[in-house]
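Trainee: Could you take me closely through one part, the empty space inside, and add a word on the strands afterwards?

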Amino acid sequence: MNKNHLDGRLEQVRMQYNLYKKRPFDINITRGIPSRQQLELSKPLLNALDLSDWMSEDEQDIRNYGGLLGIKEARRLFSDILETSVEESLVGGNSSLQLMYAVLMMEMFTGESPWSKEADVKFLCPSPGYDRHWSILERMGIKMIPVELTGEGPDMELIEKIVSQDSSIKGIFCVPTYSNPTGETYSDEVVERLAEMHTAAEDFLIMWDNAYVVHHLDDEQEKALNILEACKKSGVPNRPYMFVSTSKITFPGAGVAAVGASEKNILRLAEELSKQIISFDKLNQKRHVLFLKDTNNIQQLMEEHAKILKPKFVWIQSILSAYFSGERKKFINWTNPKGGYFVHLTTRDGCATKIVDKMGEIGIQLTPANATYPYGINPLDNSIRLAPSFIELDKLEVALEALCICIELVTLEKYGENFIGGN
């Protein structure tokens with residue numbers, strides 16, 4: 001690129017952007033939620049509960065109070081997903097985040113050594129990560145320490161060093177399979193090192209949010225090792241809590257969530273929950289058991305989800321690859337996940353916020369730049385999360401074409417002189 005070429009190209013992209021401003025869109029791709037087409041796949045769930053016998057396998061009347069651990073058939077279904085025993089599982093309401101919050105509140109206030117009595121409480125936050133995890137920690141006043149992701153999980157060299165020296169570091173949040181938003185799956189080595197590492201805090205927790213464990217897009221499926229089994233082998237069975245839900249399998253607002261942990265931790269959590277609720281919705285648990293049946297049936301359902309989702313991910317790859325080729329290759333990098341709900345963009349440093357702002361000015365709402373970092377702070381300002389699941393394919397195409405223009409415009413305005421002469 002020479003100076004004349006740069007000036008000419010800048011004029012072209014500015015003209016295109018100004019055309020967008022004159023005819024703004026109304027497109028929102030801020031959150032990773034199932035599309036209406038995906039929701040239709042679970043419509044039979046609504047009629048799955050047609051019973052004359054209202055007793056569960058463990059002799060609970062599912063219409064009544066009681067059974068805080070969940071009905072046996074639901075615990076068995078989720079234990080198959082979590083790869084635990086039935087005794088190592090608890091089935092709750094529609095939100096795994098609620099169960100995560102309950103676990104942390106238990107440790108904060110009612111554990112054997114409540115964290116709230118300590119001067120500092122810190123958590124490791126593999127970043128970029130799930131912004132709602134960071135919201136929970138911030139709400140509780142837990143200090144967040146960002147840890148870089150490597151493509152196979154968090155930087156274990158750093159983690160092993162700091163957790164062995166600082167007893168105020170009480171845990172780590174992980175999305176081990178098709179991580180939100182990078183789509184990476186933790187390697188076997190990373191999982192084993194998390195289980196084996198020495199921690200200065202004896203009550204160190206691994207919050208293992210396996211939200212996308214069955215959300216494959218390709219035949220080449222990825223899956224992280226079972227952290228509970230790894231921790232048992234390392235003599236720390238009470239270190240992990242594993243979470244999963246049907247939020248993106250059936251209906252997000254009316255699904256079922258579950259937690260897997262040691263039997264001791266399951267009973268502790270049930271005791272904590274008993275102060276808040278007498279029982280979760282056992283009718284909905286039974287409904288999901290009748291509809292989902294088993295892991296084989298779940299896999300078939302998720303294949304139908306993938307047929308709807310995958311074209312959107314393919315379209316993202318196609319448009320970005322076509323636009324950011326040749327001299328534009330240096331403008332941006334992006335992930336190509338085999339599962340999950342997101343594509344992560346890494347812009348040139350200092351560009352992400354302005355790109356997202358420019359998209360907003362033309363009526364296309366994205367997740368705020370750097371929202372996937374603790375406190376929303378990323379010194380490099382280079383992180384954008386794309387959430388294409390809900391948007392229709394034709395609108396996604398329009399949004400991506402506008403995004404390419406915004407990326408090029410912002411990058412050329414900030415770094416254009418650097419590209420002169422092929423730098």
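Mentor: Let's begin with the term: a cavity is a set of points on a 1 Å grid over the protein atoms alone where a 1.4 Å probe fits but cannot get out. Points are joined across faces, edges and corners, and the volume is the space filled by probe spheres set on them. This is a predicted model, in which local features need pLDDT of at least 70 and side-chain atom pairs pLDDT 80 or more, while totals for chains, interfaces and linings use all residues. Residues are numbered from 1 along each chain as its sequence is written, and side-chain values use heavy atoms, without hydrogens and water.

Searching the whole structure gives four cavities of 30 Å³ or more, and the largest has a volume of about 100 Å³. Its lining (residues with an atom within 4 Å of a point) is formed by Ile81, Leu82, Glu83, Trp208, Asn210, Val213, Lys223, Ala224, Leu225, Asn226 and Met242. By class, the lining has seven nonpolar, two polar and two charged residues; Glu and Lys count as charged, Asn as polar.

Now the strands (DSSP runs of E, at least two residues): three of them make an open antiparallel sheet in the order E9-E10-E12, where pairing takes at least two DSSP bridges. E9 (332-334) and E12 (383-386) are the edge strands with a single partner strand each, so one side of each has no neighbour in the sheet. E9 is joined to E10 (residues 343-347) by three bridges, and tryptophan 334 has leucine 345 of E10 as its bridge partner.

Key. 1 Å grid on protein atoms, 1.4 Å probe; cavity = no way out; pocket = protein on both sides within 12 Å on 5 of 7 lines; lining within 4 Å. Helix = DSSP H or I, 4+ residues; strand = E, 2+ residues; numbered from the N terminus.
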